[in-house]
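Student: Can we go through this structure together? I would like to start with the backbone and then move on to the pockets.

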Amino acid sequence: MAAEWRKPVPVVTAESRPFWEACRRHRLLLQRCGACGALQYYPRGVCARCWGTALAWQEASGRGTVYTYTVTYRTETRGFREETPYVVAWVELEEGVQVLTNIVGCAPEAVRIGMPVVVAFEDVDDAVSIPRFRPA
């Protein structure tokens, strides 16, 4: 668990509760639309493609590649300024959806577009774990 978590904590809603409960168990979930079959990430109440509401949860492989990224060297955001520099990246999962996340477990200058990554959960406390990605 994190010694002292200073960053904002996710707000758990009825729509996102299954996602965050799975993260707590170190499992990454996606939603699949029962009407059009589209996969989506982040959790929401309707399909982003067809607006269908028949959504089911599916476990993701947790593997992907860095689609694009930026290194943040300076910020005034509470909890983040103490961790600069850090990487914010779009990771494309094997399932085809993209996830906005942080790359951890390596120096920011080691991150490259196309780099294989795997999900790594950061435990905030007994109730919340945040999905991040590290080099595979």
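**Backbone, sheet, core and pockets**

Tutor: At 41% relative accessibility, His26 counts as partly exposed. Keep in mind that this is a predicted model.

Student: Where does His26 sit?

Tutor: His26 is in the loop between H1 and S1. Its phi is positive, about 60°, although His26 is not a glycine.

Student: What about Trp51, what is its phi?

Tutor: Trp51 has a positive phi of about 70°, and it is not a glycine either. The residue lies in the loop between strand S2 (39-40) and strand S3 (55-59).

Student: Is Trp51 buried or exposed?

Tutor: Exposed, because its relative accessible area is 65% and the cut-off for exposed is over 50%.

Student: Which peptide bond is cis, going into Pro85?

Tutor: The one from Thr84 to Pro85, with omega near -5°. Pro85 belongs to the loop between S4 and S5.

Student: Switching to sheets. What is the strand order in the open sheet of 3 strands?

Tutor: The order is S2-S1-S3, and the pairing is antiparallel. S2 and S3 are the edge strands, each pairing on one side only.

Student: How many bridges join S1 to S3?

Tutor: There are 5 bridges between S1 and S3, which run antiparallel. As for Cys33, its bridge partner in S3 is Leu55.

Student: Cysteines, then. How many disulfides does the structure hold?

Tutor: The structure holds 0 disulfides.

Student: Why is there no bond from Cys36 to the closest cysteine sulfur?

Tutor: The closest cysteine sulfur is in Cys47, and at 3.7 Å from the sulfur of Cys36 it is too far for a bond. A disulfide needs the two sulfur atoms within 2.5 Å.

Student: How accessible are Cys36 and Cys106?

Tutor: Cys36 is partly exposed at a relative accessible area of 30%. Cys106 is also partly exposed, with 26% relative accessibility.

Student: Now the interior. Which residues of the largest nonpolar core touch the most other members?

Tutor: Leu28, Leu93, Ile103 and Phe133, out of 29 residues in that core. The elements giving two or more residues to the core are H1, strand S1 (29-33), strand S4 (63-72), S5, S6, strand S7 (116-123) and S8.

Student: And pockets? What is the volume of the largest one?

Tutor: The volume of the largest pocket is about 560 Å³. It is lined by 23 residues, and the closest to its centre are Pro10, Trp20, Tyr41, Leu100 and Ile130.

Student: Which elements give two or more residues to that lining?

Tutor: Helix H1 (17-24), strand S5 (86-93), strand S6 (98-103) and strand S8 (129-135). S6 has the largest share, with 5 residues.

Student: How do the residues of that lining divide by class?

Tutor: Into 17 nonpolar, 4 polar and 2 charged.

Student: What about the second largest pocket, what is its volume?

Tutor: About 190 Å³. Of the 15 residues that line the second largest pocket, Glu83, Tyr86, Asn102, Ile103 and Val104 lie nearest its centre. S5 and S6 are the elements that give two or more residues to this lining.

Student: And by class, what does the lining of the second largest pocket have?

Tutor: It has 10 nonpolar, 1 polar and 4 charged residues. Ile103, one of the residues nearest the centre of this pocket, is also among the core residues that touch the most other members.

Notes: Residues are numbered from 1 along each chain as its sequence is written. This is a predicted model: local features need pLDDT of at least 70, side-chain atom pairs count only at pLDDT 80 or more; totals for chains, interfaces and linings use all residues. Side-chain values use heavy atoms; hydrogens and water are left out. On a 1 Å grid over the protein atoms alone, a cavity is a set of points where a 1.4 Å probe fits but cannot get out, and a pocket is an open set with protein on both sides within 12 Å along at least five of seven lines; lining residues have an atom within 4 Å of a point. Grid points are joined across faces, edges and corners, and a volume is the space filled by probe spheres set on the points. Helices (H or I, at least four residues) and strands (E, at least two) are DSSP runs, numbered from the N terminus. Ala, Val, Leu, Ile, Met, Phe, Trp, Tyr, Cys and Pro count as nonpolar, Asp, Glu, Lys and Arg as charged, and the others, Gly among them, as polar. A nonpolar core is a set of buried Ala, Val, Leu, Ile, Met, Phe, Trp, Tyr and Cys residues joined through side-chain atoms within 4.5 Å. Buried means under 20% relative accessible area, exposed over 50%, partly exposed in between (1.4 Å probe, protein chains only). Two strands pair if DSSP finds at least two bridges between them.
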